[in-house]
Amino acid sequence: MTTQTNRMQHGAYNHAYLDEQTKRMIRRAILKAVAIPGYQVPFGSREMPVPYGWGTGGIQVTASIIGQDDVYKCIDQGADDTTNAVSIRRFFARVADVATTERTAEATIIQTRHRIPEAPLKEGQIMVYQVPQPEPLRGLEPRETETRAMHAYEEYGLQYLSLYESVAAFGRIAGGAGYPVLVDERYLMSPSPIPKFDNPKLHQSEALHLFGAGREKRIYAVPPHTDVRSLDFEDYPFDVQSWDEVCALCGCPDSYKDEVILDDEGTRMFVCSDSSHCSDRRDAGHAGPMAGHELDQGSADAANLEDAE
Amino acid sequence: MERADVQHQDDAALLAVRGLNKRFGNVVACHDINFELRRGEILGIVGESGSGKTTLLRCMAGQIDPDAGQVVFNSRRHGVKDIFALSEQDRRRISREEWGYVHQNPRDGLRMRVSGGANVAEPLMMNGQRHYGQMRELTLEWFEKVELDIARIDNKPRTFSGGMQQRLQIARNLIHSPSLVFMDEPTGGLDVSVQARLLDLMRLLVRDMGLAAIIVTHDIAVARLLADRLMVMKSGEVVEHGLTDQVLDDPQHGYTQLLVSSVLQI
């Protein structure tokens with residue numbers, strides 16, 4: 001996929017859509033969030049041109065930090081070519097006049113909901129997460145006053161209740177996504193709905209991770225080189241998902257896989273959820289057991305379609 | 001010197017309430033309450049609805065701030081201290097580590113969205129236990145102690161009957177070996193046969209563990225079975241205070257006489 005620059009009609013919007021005062025307010029919240037890793041900073045979330053739940057928090061964070069020289073990548077479920085990712089990427093290409101890319105290594109800002117890219121992140125890169133529910137304790141404690149006190153006094157025993165339930169029901173800690181972590185051994189944090197497969201990538205990461213929750217009006221952050229520990233029990237240590245299958249298209253053995261049902265007979269394939277990682281590998285000559293399948297073709301068509309626009 | 005200090009602390013009352021006052025607007029809920037509670041002692045507070053029993057209990061448990069007075073607790077971590085002179089963090093820690101609080105309605109004291117076993121194990125996790133196997137073992141032990149079917153350990157509390165929920169709540173409030181348990185009408189809302197078994201069980205557990213307990217009730221029979229001492233409250237004041245048998249067999253105050261004579265006989 002080629003890097004492309006889109007020209008906007010100047011004057012229709014302020015740079016990156018939000019007005020400068022709002023961006024300053026959000027930047028102040030971000031600074032505070034970076035200063036206190038894992039702490040949820042309240043901010044005045046604005047009405048955005050997409051509904052809550054479609055990534056308004058992440059969009060506002062991106063809008064506040066994006067500059068003219070940034071290269072922007074947006075993924076949804078790990079893929080660059082899903083509807084939501086395409087429309088948010090085009091939104092910033094238009095209102096911020098920035099270059100966009102699908103390659104992780106080329107991007108300076110990567111906005112995401114469900115995944116951290118497979119390719120290792122570098123110093124200087126910023127991950128922006130769209131967070132639906134910033135409060136990891138909310139499912140167990142509905143009162144905001146109480147959860148704030150728990151954060152203030154570091155009372156995180158309650159979170160283990162969900163792990164206990166999981167072990168009691170499934171014989172292992174089964175939580176797949178939004179797996180709670182302790183940041184810098186101080187604040188309990190929900191890493192938004194990324195699979196726990198990606199949790200270890202947050203630990204001592206080279207990149208800056210910013211989390212924006214639009215509806216809940218919270219921003220939090222994991223600065224570079226910060227300890228991030230996934231909670232577990234002494235006798236049930238944290239582990240990540242793994243697959244027996246390799247990626248059907250690129251043959252990658254150790255990436256996070258999506259299961260795709262192909263027909264009514266139950267035929268299925270496992271493919272890398274990170275579409276950029278997968279196409280990079282295919283370009284480099286790797287091939288999986290179902291290489292050349294019509295879905296392989298399909299993604300190439302979709303990419304061509306977008307190029308043509 | 002240190003030994004003498006420890007000795008002194010052991011001699012001190014576990015809980016001392018001094019000059020406690022609480023009003024809600026013009027309504028006096030508690031007026032000048034004074035008493036002491038020693039280790040292993042069970043105090044019953046009786047009185048009619050609206051006499052200030054529950055308000056007093058919630059003040060002692062640090063859940064509401066009194067307008068005046070002290071609640072001095074002899075804690076393992078802080079020694080003899082007025083709980084309202086401690087920071088909120090320390091007060092919450094004492095409440096977590098050294099107290100239990102049994103609500104009248106088990107739904108107030110249980111987390112209805114997690115299993116019975118998780119409810120019982122929660123205080124352990126709150127106090128830093130991070131080993132699932134050990135917690136599970138202790139939880140099973142407690143299920144047996146309160147006569148709950150261990151096969152139902154992973155069921156949600158809503159599938160339990162009222163009496164079972166109350167036993168679940170009692171297990172949850174005793175599993176972390178507190179030194180003081182507050183109970184607010186622990187047998188209210190249960191039918192009499194279930195009540196009798198629950199009382200029997202509570203008497204056994206409390207005596208076995210050498211717990212101190214403060215039991216608020218309007219049921220004189222409950223007080224008679226469980227309490228060593230009795231405090232009778234009316235309109236926010238303590239009108240009579242003494243050994244349970246003494247108060248019930250020879251009530252001095254008019255209101256206590258009325259209360260004792262009002263018990264239904266079969």
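Tutor: Helices here are DSSP runs of H or I with at least four residues, and strands are runs of E with at least two, both numbered from the N terminus. In this predicted model, local features need pLDDT of at least 70 and side-chain atom pairs count only at pLDDT 80 or more, while totals for chains, interfaces and linings use all residues. Residues are numbered from 1 along each chain as its sequence is written, chains are lettered from A and ligands numbered from 1 in the order written, and side-chain values use heavy atoms, leaving out hydrogens and water.

Student: Then let me begin with a helix. What follows α4(A), and what is the sign of its phi?

Tutor: Glu154(A) follows α4(A), and its phi is positive, near 55 degrees.

Student: Which residues in α4(A) are buried, and what covers them?

Tutor: Glu146(A), Thr147(A), Ala149(A), Met150(A) and His151(A) are the buried ones in α4(A). Their cover includes β8 (187-189) of chain A and, from the partner chain, α3 of chain B.

Student: What makes Glu118(A) buried or exposed?

Tutor: Buried means under 20% relative accessible area, exposed over 50%, and partly exposed in between (1.4 Å probe, protein chains only). Glu118(A) has 16% relative accessibility, so Glu118(A) counts as buried. Arg115(A) has a relative accessible area of 2%, so Arg115(A) is buried as well.

Student: How do you know that the side chains of Glu118(A) and Arg115(A) meet in a salt bridge?

Tutor: The term asks for a side-chain nitrogen of Lys or Arg within 4 Å of a carboxyl oxygen of Asp or Glu. For Glu118(A) and Arg115(A) the N to O distance is 2.9 Å, so the pair qualifies.

Student: And what makes Glu144(A) and Arg218(A) a pair?

Tutor: Their closest N and O atoms are 3.2 Å apart, which is given as a salt bridge. Glu144(A) sits in helix α4 (residues 144-152) of chain A and Arg218(A) in strand β10 (residues 218-222), so the pair ties together parts 74 residues apart in sequence. Glu144(A), at 26% relative accessibility, is partly exposed, whereas Arg218(A), at 13%, is buried.

Student: Turning to chain B, how far apart are the closest N and O atoms of Arg172(B) and Glu122(B)?

Tutor: They are 2.7 Å apart, and the two residues form a salt bridge. Because Arg172(B) is in helix α7 (residues 162-174) and Glu122(B) in helix α5 of chain B, the bridge ties together parts that are 50 residues apart in sequence. Both Arg172(B) and Glu122(B) are buried. Through shared partners, salt bridges join Glu141(A), Arg143(A), Arg111(B), Glu122(B) and Arg172(B) into one network.

Student: How many residues are in contact between chain B and chain A?

Tutor: With contact meaning heavy atoms within 4.5 Å, 24 residues of chain B are in contact with 20 residues of chain A. The area buried between the chains is about 2000 Å², 57% of it from carbon and sulfur atoms; buried area is the accessible area (1.4 Å probe) that two parts lose on being put together, summed over both. Arg92(B), Arg130(B) and Tyr132(B) lose the most area in chain B, together 36% of what that side buries.

Student: How many salt bridges are counted between chain B and chain A?

Tutor: The count is 5, and a search of the whole structure finds 33 over all chains. Glu165(A) and Lys156(B) also meet in a salt bridge, with 4.0 Å from N to O. Among the elements of chain B that touch chain A, α3 (88-98), α5 (116-126) and α6 (132-145) each supply at least two residues, and α5(B) gives the most, with 6.

Student: How confident is the predictor in chain B?

Tutor: On pLDDT, the predictor's per-residue confidence from 0 to 100, chain B averages 90, and 96% of its residues score at least 70. Over residues 1-8 of chain B the pLDDT is below 50, and this stretch has 0 contacts beyond near neighbours in sequence. Where pLDDT is low, the predicted coordinates should not be read in detail. The model as a whole scores ipTM 0.85 and pTM 0.87.
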